[in-house]
Amino acid sequence: GKSGYDHYMRKEITEQPRAIRDCLRGRIEELGATVSLPELEELESPSAVQFVACGTSYHAGLFGERLLQRRGIPAQTFVASEYDADQLPVDEETLVVGVTQSGETADTMRALRGANRAGATTLALTNVVASSAARECDHVLYIRAGPEISVAATKSFASQQVTLSLLATALAETADPSSSASREHLRELRRLPDYIQSVLDDSNARSVAEAFLESDAYFFIGRGYNAPVALEGALKLKEITYRHAEGFPAGELKHGPLALVTEATPVFAVVSSREKTSATIGNVTEVQARGAPVVAVTDSPETVGSHADFVLEVPETHPAVMPIVANVQLQLVAYWLADALDRPIDKPRNLAKSVTVL
Ligand code: M6R
């Protein structure tokens, strides 16, 4: 059941600290310096990684790609329906990772089967034990989010991001066993459940959402590690509120979307105090010059927040952990806006939880 919540989506948002603890259990070694993923013992270190996924899982792939690239591992993400292993440089040293909560998404399965045929090594990153993806890939890594009922993917996205963080660290350790750069990252991953709990306990996302009930459109921007979360914030909002929303890497705004920005289009800006801060604040200033209200999702309410009309605060943490927390604020904005608009949150029109047609 919904354990007293009005919607499964709210229950699943609230379950994220526990889902992440389950995901991490036994996977970071005692001293907190290395990752242990026994499932991947037989996996050779790949020369390149390709992520294939759809929707929210595609956004997780974009995050995984950034994690790997910063560790010097070539990585690329594909919308699964656009992926064609025959047109790409793929061999047995290429690791193709299907990111799929259900493990049954037809587009993702088609891409993975093509990768298998082309001789790639395949890995399913999935929530569902013995799903098609788990059965048909060479390797499986479970995200351990627990059952997700709401059509909107919430806790599964958090668990995907955490699992990808572990995978990236594990692959980097294989590439360079002396690497200890990930120590802070792993420590902050272990603190992540508490960070998310503090957001769940103190979030003002409901009043922010209610300040923008009648907007023309909702825009989301973020850079680097936070760019995928901007896309995800927009997807979640459009999916459950039926309002127009778009997400962009912050620097892209001025290349077109800025023409749509008015007083009636709030801009949600995810701004880290530790990475590319001044560039993103520059983008915030651009939209404010067009009269748009700005909601900053930030770990630095004093410096960044002073540029914004509203602040959704997140704890200060490692730059690769921040997007996982920031996303929770955006989930709550979408949820409370949909609730105020009285939408059927758990079953949006035209959508299915598992898309098993091509
Ligand atoms: O089960 P999958 O992760 O393969 O599903 C992929 C998408 O259909 C899914 O993430 C979809 O975008 C979400 N329901 C959006 O909230």
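A nonpolar core is a set of buried Ala, Val, Leu, Ile, Met, Phe, Trp, Tyr and Cys residues joined through side-chain atoms within 4.5 Å. The exercises below use a predicted model.

**Exercise 1. The cores**

Find which residues of the largest nonpolar core touch the most other members, and which element gives the most to this core.

Solution.
- Start with the hubs. The largest nonpolar core has 80 residues, and V49, L192 and F220 touch the most other members.
- Next, the supplier. Helix α11 gives the most to this core, with 13 residues.
- Now take one hub. Beyond four places in sequence, F220 touches A230, G233, A234, L237, A245, E246, G247, F248, F268 and L330.
- Finally, look outside this core. Another core of 19 residues lies apart from it, and its members include F248, L258, A269 and A308.

**Exercise 2. α9 against α11**

Classify the packing of α9 and α11 as parallel or antiparallel, then list the residues that meet.

Solution.
- Locate the helices. α9 spans residues 227–241 and α11 spans residues 322–340.
- Read the geometry. The angle is about 20 degrees, and the axes are 9 Å apart.
- Apply the cut-off. Angles under 35 degrees count as roughly parallel, so α9 and α11 are roughly parallel to each other.
- Add the handedness. α9 passes α11 in a right-handed crossing.
- List the contact. From α9 come V229, E232, G233, K236, L237, I240 and T241; they meet P323, N327, L330, V333, A334, Y335, L337 and A338 in α11.
- Sort by class. This contact of α9 with α11 has 10 nonpolar, 3 polar and 2 charged residues.

**Exercise 3. α2 against α7**

Repeat the analysis for α2 and α7: are they parallel or antiparallel?

Solution.
- Locate the helices. α2 covers residues 16–24, and α7 covers residues 183–202.
- Read the geometry. They pack at about 175 degrees, with axes 8 Å apart.
- Apply the cut-off. Over 145 degrees counts as roughly antiparallel, so α2 and α7 are roughly antiparallel to each other.
- List the contact. α2 uses Q16, P17, I20, R21 and L24, while α7 uses L189, R190, L192, P193, D194, I196, Q197 and L200.
- Sort by class. The contact of α2 with α7 has 8 nonpolar, 2 polar and 3 charged residues.
- Link back. L192 of α7 is also one of the hubs of the largest nonpolar core.

**Exercise 4. Q101**

Decide whether Q101 is buried or exposed.

Solution.
- Place the residue. Q101 sits in the loop between β3 (94–100) and α4 (106–117).
- Test the burial. Buried means under 20% relative accessible area; Q101 has 12% relative accessibility, so Q101 counts as buried.
- List the surroundings. Leaving aside neighbours within four places in sequence, Q101 contacts S57, T126, N127, V128, E148, S156, Q160 and K353.

How values were computed
Residues numbered from 1 in each chain as written. Predicted model: local features only at pLDDT ≥ 70, side-chain atom pairs only at ≥ 80, totals over all residues. Heavy atoms only, no water. Axes fitted to C-alpha atoms, helices over the stretch in contact; angles between N-to-C directions. Helix = DSSP H or I, 4+ residues; strand = E, 2+ residues; numbered from the N terminus. Parallel < 35°, antiparallel > 145°, perpendicular 65-115°, else oblique. Left-handed = near helix turned anticlockwise from the far one by under 90°. Contact = heavy atoms within 4.5 Å. Nonpolar A, V, L, I, M, F, W, Y, C, P; charged D, E, K, R; others polar. Buried < 20%, exposed > 50% of the residue type's maximum accessible area, 1.4 Å probe, protein only.
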